[in-house]
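Hi everyone, thanks for making time. I've got one structure to walk you through today, so let's put it up and have a look.

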Amino acid sequence: MKKSAGYQPISVFEDRLDEFFQVVQWAFVGEWLLEDRQDYVDALPVERARGVEVVDPARGDVGEIAAVHASFGTEMTTPGGRRVPTAGLSWLAVHPAHRRRGLMTAMMHDHFQRCRERGEAVSALYAMEAAIYSRFGYGMGSQTVKAEVPRGAAMWTVDGADQLTVRLERASFEAHDELVSRLQARLTRPGTIINPVGSGRNARFTDPVGNRKGMEKWRLAIVEDRGEPVAYAFFRRRAQSSVGIHDGVCQVREFGALTPAASQRLWQTLTDFDLVETTYTENLATDDPLLHQLKDARGARSKVVDNLWVRLLDVPMALQSREYFHDCDVTIGLTDKHVPDNAGAWRIVVRNGDATVTRAEDAAPDLTMDIRHLSTAYLGGTSIESLAAAGLVREHTAGQARELAVAMMSPVAPLANWDF
């Protein structure tokens, strides 16, 4: 008998959203303010909200929602600026009274099946606990730099930055959604999540009081080149002082810039507010322009952590939805416990940047790996050869790990700048 026996998957409609949010509050350890309810509703893709419901009284109260998840229907930018249909998995939670009953596995299988039925080749998520998702085939697709930048940090001059203008406004879905969406859609960094469709589109603008911790509501910095927006950033500040010294802080959340000059003008603004001593950000790529533009990179105290976790759901579709940077002809043997259609031998032939991926059941694989490792390398931030050096990918034909690694590596580091 399955561990998840006594439960059934359901869609969670609007009349049961309070039950959905109760499970999330229990799982993520927090008490939400009643006044914040609409913000959470606005941030949830309601038409894709799912749950697991008790049907056996031996498991709890019949009809009780024991676990929930939802996903954003979107696209993700891949190496070379191409895109792949993607499900942004979020709101994943199991009520603590129903843990160790296989509900996470049941929800993952439900998610994978529905994604494949919709033609979404990739699932991506931010991990609260990273070890959980590796079990289901997710790999760390990108890393991010968390940095603390002191006020007025000196930067190497970038031509044209001084000619750009800046607008600072209160962030508003009605006033700024189209502006942010258009800029986001022009970013070419692998891992960029394009604005989702349907409900939940305004998730980036929601601003629950319970999350502010004394800070102001979200503001928006907009850099313009002769009236044309070329960069944006969500930020908020908190004034504070000790012994007469003003040492307030500025928090930067999502941001994007189209040019080096726009990036510099944006950060010159975000790191030079009156009464603010330090600007914090969590969404810098490991090769972000700011890290190169700072004269004293060590002065921006930083650490590298995981960013986006990626899971391939349709191997040929996903691999053919990105650009490659070296020709190769490699056969991989793939294991996939949770999506059996992905398992087996695949031949990857790359010519002039494009891949053709076909079944190769009669061929001996050059490399063998789990879907987790192929997913880790998908956005080009981790090389197949480094995974082979770690003993996670097995090389059966000498040199083929490097062949595939060079083909799949990205010229720029991947990053998802929007935390969904």
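Okay, let's start at one spot, alanine 185. If we skip the neighbours within four places in sequence, alanine 185 touches Arg83 and Ile194. Keep in mind, by the way, that this is a predicted model.

So where does alanine 185 sit? You'll find alanine 185 in helix H5, which covers residues 173-186. And is alanine 185 buried, exposed or partly exposed? Its relative accessible area is 30%, and because buried would need under 20% and exposed over 50%, alanine 185 counts as partly exposed.

For a sense of distance, take alanine 300 as well. Alanine 185 and alanine 300 are 115 residues apart along the sequence, and C-alpha to C-alpha they are 29 Å apart in space.

Now let's zoom out to the whole protein. We've got 11 helices and 21 strands here. The radius of gyration is 23 Å, and the globule rule gives 22 Å for 420 residues, which is close, so the protein is as compact as a globular protein of that length. Along the principal axes, the C-alpha trace spans about 70 × 60 × 40 Å.

What about the inside? Of the 420 residues, 52% are buried. And if you take contacts with a separation of 6 or more, 74% of them are between residues 24 or more positions apart.

Last stop, the outside and the charges. The protein exposes about 18,900 Å², with carbon and sulfur atoms supplying 49% of that. There are 48 positive and 56 negative side chains, and the centres of those two sets lie 2 Å apart.

How values were computed: Residues are numbered from 1 along each chain as its sequence is written. This is a predicted model: local features need pLDDT of at least 70, side-chain atom pairs count only at pLDDT 80 or more; totals for chains, interfaces and linings use all residues. Side-chain values use heavy atoms; hydrogens and water are left out. Helices (H or I, at least four residues) and strands (E, at least two) are DSSP runs, numbered from the N terminus. Buried means under 20% relative accessible area, exposed over 50%, partly exposed in between (1.4 Å probe, protein chains only). Contact means heavy atoms within 4.5 Å. The radius of gyration is taken over C-alpha atoms; the globule rule is 2.2 Å times the number of residues to the power 0.38. Accessible areas come from the Shrake-Rupley method with a 1.4 Å probe; for residues, only the protein chains shown count as cover. Lys and Arg count as positive and Asp and Glu as negative; His and the chain ends are not counted. The place of a charge is taken as NZ of Lys, CZ of Arg, CG of Asp or CD of Glu.
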